[in-house]
Amino acid sequence: MRTLIVYMTHHGTTEKVVEKLTELLGKSTTEVVNLEFDAVPDLSRYNTLIIGGSIHVGQIQLGIKQFCRDYKQELLKKKLGLFICYMNKEQGKQEFENAFPKELRERAHASGLFGGEFLFEKMNFLERFIVRMVTSEKKTTSAINYPAIAKFAASFVV
Ligand SMILES: Cc1cc2nc3c(=O)[nH]c(=O)nc-3n(C[C@H](O)[C@H](O)[C@H](O)COP(=O)(O)O)c2cc1C
């Protein structure tokens, strides 16, 4: 069974999550595509597709939305996993629903809300300003939900 993980990231947290998922799913059978840099391979080569991104100002990366739109018919035929990295605990469920089309969410084998990080050293001035305006966080904080990642990955390992 081959798995493809398709993702995008701003400051590297989603990439960290993807590395953990790859380790849990098995490095020899899992391939990874960062839509910012990599071409989309032939999806017919994979039984399992996992798609993830992060929420910034309420939205997942546009590239993730576009990928879901462009490949929807193929994705509907796969064992599908969807996840987000995010930091707003109250809005997480809503942000997830907004991130992925209803048809894919309903068809998904597993859904993940994996928490996230505020990495102030990687933010530009505007990003720092936004985060300080909408949260009380002032320092780099990590709130990645590793048990949720492990549960999500375990559901794909037969
Ligand atoms: C400028 C900025 C805006 C953000 N907006 C949101 C938001 O609207 N909702 C939310 O849940 N998290 C928000 N976050 C938190 C990110 O989702 C979190 O930092 C995530 O771990 C980023 O992952 P990435 O490094 O893979 O992009 C925001 C973070 C930044 C820096």
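Helices and strands here are DSSP runs numbered from the N terminus, a helix having at least four residues and a strand at least two. Every view shows a predicted model.

**View 1. Loop between helix 6 and strand 7, with Lys 138.** Lys 138 sits in the loop that runs between helix 6 and strand 7 (141-144). Lys 138 is classed as exposed because 11 other C-beta atoms lie within 10 Å, and the cut-off for exposed is 12 or fewer. Leu 119 is 19 residues away along the chain, with a C-alpha separation from Lys 138 of 10.0 Å.

**View 2. Residues around the ligand.** The shell around the ligand consists of 24 residues, and His 10, Thr 14, Ser 54, Asn 88 and Gly 116 are the closest. Sorted by class, 12 of the shell residues are polar, 9 are nonpolar and 3 are charged. At least two shell residues come from each of helix 1 (13-25), strand 6 (115-118) and helix 6 (125-134).

**View 3. The largest nonpolar core.** This core has 35 residues. Ile 5, Val 6, Leu 21, Leu 49, Ile 51, Cys 68 and Ile 84 have the most contacts inside the core. Two or more core residues come from each of strand 1 (3-7), helix 1, strand 3 (48-54), helix 2 (62-70), strand 4 (79-85) and helix 7 (146-154). Beyond its neighbours within four places in sequence, Ile 84 contacts Gly 52, Gly 53, Ser 54, Ile 55 and Ile 60, and also Glu 95, Phe 96, Ala 99 and Leu 113.

**View 4. Helix 1 and the loop after it.** From first C-alpha to last, the 13 residues of helix 1 reach 18 Å, close to the 18 Å expected at 1.5 Å a residue. The buried residues of helix 1 are Thr 13, Thr 14, Val 17, Val 18, Leu 21 and Leu 25. These lie on the same side of helix 1, because the arc they cover around the axis is only 140°. Gly 26 follows helix 1 and has a positive phi, near 110°. Lys 27 belongs to the loop between helix 1 and strand 2. With 11 other C-beta atoms within 10 Å, Lys 27 is exposed. The C-alpha atoms of Lys 27 and Thr 3 are 9.7 Å apart, with their positions 24 residues apart along the chain.

**View 5. Two faces of helix 2.** In helix 2, Ile 64, Phe 67 and Cys 68 are buried. Their directions from the axis fall within an arc of 100°, so these residues line one face of helix 2. Exposed residues on the other side of helix 2 are Leu 62, Gln 66, Arg 69 and Asp 70. The cover over the buried residues includes strand 1, strand 3, helix 3 (72-75) and helix 5 (102-107).

**View 6. Val 57, a residue with positive phi.** Val 57 is not a glycine, yet its phi is positive, near 50°. Val 57 is placed in the loop between strand 3 and helix 2. Only 7 C-beta neighbours lie inside 10 Å, so Val 57 counts as exposed.

**View 7. Asp 38 in the loop between strand 2 and strand 3.** The loop that holds Asp 38 joins strand 2 (30-34) and strand 3. Asp 38 counts as exposed because it has 12 C-beta neighbours inside 10 Å. Asp 38 and Lys 122 are 84 residues apart in sequence, and their C-alpha atoms are 22 Å apart.

Methods. Residues numbered from 1 in each chain as written. Predicted model: local features only at pLDDT ≥ 70, side-chain atom pairs only at ≥ 80, totals over all residues. Near = placed C-beta within 6 Å. Nonpolar A, V, L, I, M, F, W, Y, C, P; charged D, E, K, R; others polar. Core = buried A, V, L, I, M, F, W, Y, C linked by C-beta atoms within 7 Å. Buried ≥ 20, exposed ≤ 12 C-beta atoms within 10 Å, placed from the backbone. Contact = placed C-beta atoms within 7 Å. Expected span 1.5 Å × (residues − 1). Arc of directions from axis to C-beta.
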